[in-house]
Amino acid sequence: MELLDSNVDLKELQKLQGHADRVWGLAWNPAPHNCGGASAMLASCSGDKTLRIWQMGPTHRLDCSTILEDTHTRTVRSCAWSPCGKFLATASFDSTTAIWKYVGGDFECVATLEGHENEVKSVTWSSSGTFLATCSRDKTVWIWEVQPGDEYDCVAVLQGHSQDVKMVQWHPLVDVLVSVSYDNSIKVWAEDGDSDDWHCVQTLNEGSSGHASTVWSVAFNSSGDRMVTSSDDLTLKIWDTSSAISQTDTEGFASWRHLCTLSGYHGRTIFSAHWSSEGIIASGAGDDALCLFVEEKGNSIEEPSYRLLLKKEKAHDMDINSVRWNPKDQRILASASDDGTIKIWEVREIS
Amino acid sequence: MSYALQNLDIKDPEHPYSLEELKVVSEDSIEVDDKLSHVRVVFTPTVEHCSMATIIGLCIRVKLMRSLPSRFKVDILVAPGTHETEASINKQLNDKERVAAALENPNLLEIVEECLSPSFQTWT
């Protein structure tokens, strides 16, 4: 473990075992108190076709409280909680997205979103709670509108990527969607002011200082003025997305731009990156390592830069597929791996 | 290294001989770095326009997945200059999500299992 002029370490608090295959995705419930008063809830999805929910008990340890099985017929690739915390969406290689509702201590499948031609790779819920988005190897991004009575209407099928779309993520504050792809590009989608038509407002590819290979993940910081993407090109890129929040509809979309590239920290594909509410970026990769980065303060004139805070080699025995900060406890991080386990970590300052 | 690398014993889907007999894969084309837990295989598809190149690559990956300890990272590449869509095949073969999804396809899995079924195994 490397420490770079900051007295921080990453302590492994717990290892969650149970999945029978690789764990692909993780999601912390943003409002766990709405699910029977739990203090923390973590959803994990796997190649074993199930979704597991881990709940924090009185001992401050996470225990598996629910296994959602017999619904998806293939790998469950991604999961996401609604902002109210009462709904969970699961995206599967079986080409469907299931919506689960917390009802009296259990989760019931209340809807199945169909339409993608093949594997669904990712699902994301808008913070307004109005929309859901999914993406697939069929190269499209679908936007669904949440209706009363657990109904979901498809309002847009977005074409534009030339290959498999790996992940979609809504902006934390406004209804702007980002998708990343096997075609090496990042696309930004927004609704046209008057027509309610969704279209691509910007494409960030190699020409715009973008990635040189498959882009696997995208995450925003909590204020929505920064975005981080991770790629098979072994880099993480930080983008200035402040125009999403600073401008009005009448101005049209003002471009997002590249700020910084972090390279040389991972030796294999970086599958996931996530931003804590405190501003720490965590990344997990195929080299089994976990890295933490923070913004380098003090450069008021120059472009913001980021530095490595810590690298944890062999954080897992195999590839790390997902890293997620706990929204309720900004020092707690969860990581999921091909080794079938999930680890819970705490970032600690050491004097 | 007494792993199965030295005799991959995978049958070419279009020919009755093993890939090694057909010179699709040879000992020289396999690099192993035990300390870094890294394996690199470079293979030559039987025919330049062979649509089976992806399947051969997939078979090699599955065979290695089943034979090597899980700590190993495996890269599988088509020999440079031997295939017209080399970059595209390499990208697919080394995207583990694409590989995982492909192996969940029962038809594809059946072909892979057929290619891997041993007629004669030698272990050195």
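**Exercise 1. Find how strands β13 and β14 of chain A pair, and describe the loop that joins them.**

Step 1: In this predicted model, β13(A) and β14(A) pair in the antiparallel sense, and seven bridges link them. β13 covers residues 141-147 and β14 covers residues 151-158.

Step 2: Pick out one bridge. A:Q147 has A:E151 in β14(A) as its bridge partner.

Step 3: Look at the turn of the hairpin. Three residues sit between the strands, and A:G149 has a positive phi near 80° there. A:D150 also lies in the loop between β13 and β14 of chain A. Its phi is near 55°, which is a positive value in a residue other than glycine.

**Exercise 2. Is A:G149 buried or exposed? Also find how far A:G149 lies from A:Y182.**

Step 1: The relative accessible area of A:G149 is 63%. The cut-off for exposed is over 50%, so A:G149 is exposed.

Step 2: Now compare sequence and space. A:G149 and A:Y182 are 33 residues apart in sequence, and their C-alpha atoms are 36 Å apart in space.

**Exercise 3. Work out the strand order in the open sheet that contains β8 and β9 of chain A, and name its edge strands.**

Step 1: Four strands make up this open sheet of chain A, in the order β7-β8-β9-β10, with antiparallel pairing.

Step 2: The edges are β7 (76-81) and β10 (106-113) of chain A. Each has a single partner strand, so one side of each is left without a neighbour in the sheet.

Step 3: On average, neighbouring strands of this sheet are turned by 25° against each other, direction ignored.

Step 4: Zoom in on one pair. β8 (residues 87-92) and β9 (residues 97-103) of chain A run antiparallel and are joined by five bridges. Among the bridge partners, A:T90 is matched with A:A98 in β9(A).

**Exercise 4. Where is A:S209 found, and what is special about its phi?**

Step 1: A:S209 is in the loop between β18 (198-204) and β19 (215-220) of chain A.

Step 2: The phi of A:S209 is near 65°, a positive value in a residue other than glycine.

Step 3: Check accessibility too. A:S209 has 36% relative accessibility and counts as partly exposed.

**Exercise 5. Describe two of the annotated WD repeats in chain A.**

Step 1: The unreviewed UniProt entry places "repeat: WD" at several spans of chain A, including residues 16-56 and 113-154.

Step 2: Residues 16-56 of chain A are 0% helix and 46% strand, with end C-alpha atoms 12 Å apart.

Step 3: Residues 113-154 of chain A are 0% helix and 57% strand, and the end C-alpha atoms lie 9 Å apart.

How values were computed
Residues are numbered from 1 along each chain as its sequence is written. Chains are lettered from A and ligands numbered from 1 in the order in which they are written. This is a predicted model: local features need pLDDT of at least 70, side-chain atom pairs count only at pLDDT 80 or more; totals for chains, interfaces and linings use all residues. Side-chain values use heavy atoms; hydrogens and water are left out. UniProt positions are given in the numbering used here, feature names are shortened, and annotations may be inferred rather than shown by experiment. Helices (H or I, at least four residues) and strands (E, at least two) are DSSP runs, numbered from the N terminus. Buried means under 20% relative accessible area, exposed over 50%, partly exposed in between (1.4 Å probe, protein chains only). Two strands pair if DSSP finds at least two bridges between them. Axes are lines fitted to C-alpha atoms, for helices over the stretch in contact, and angles run from 0 to 180 degrees between N-to-C directions.
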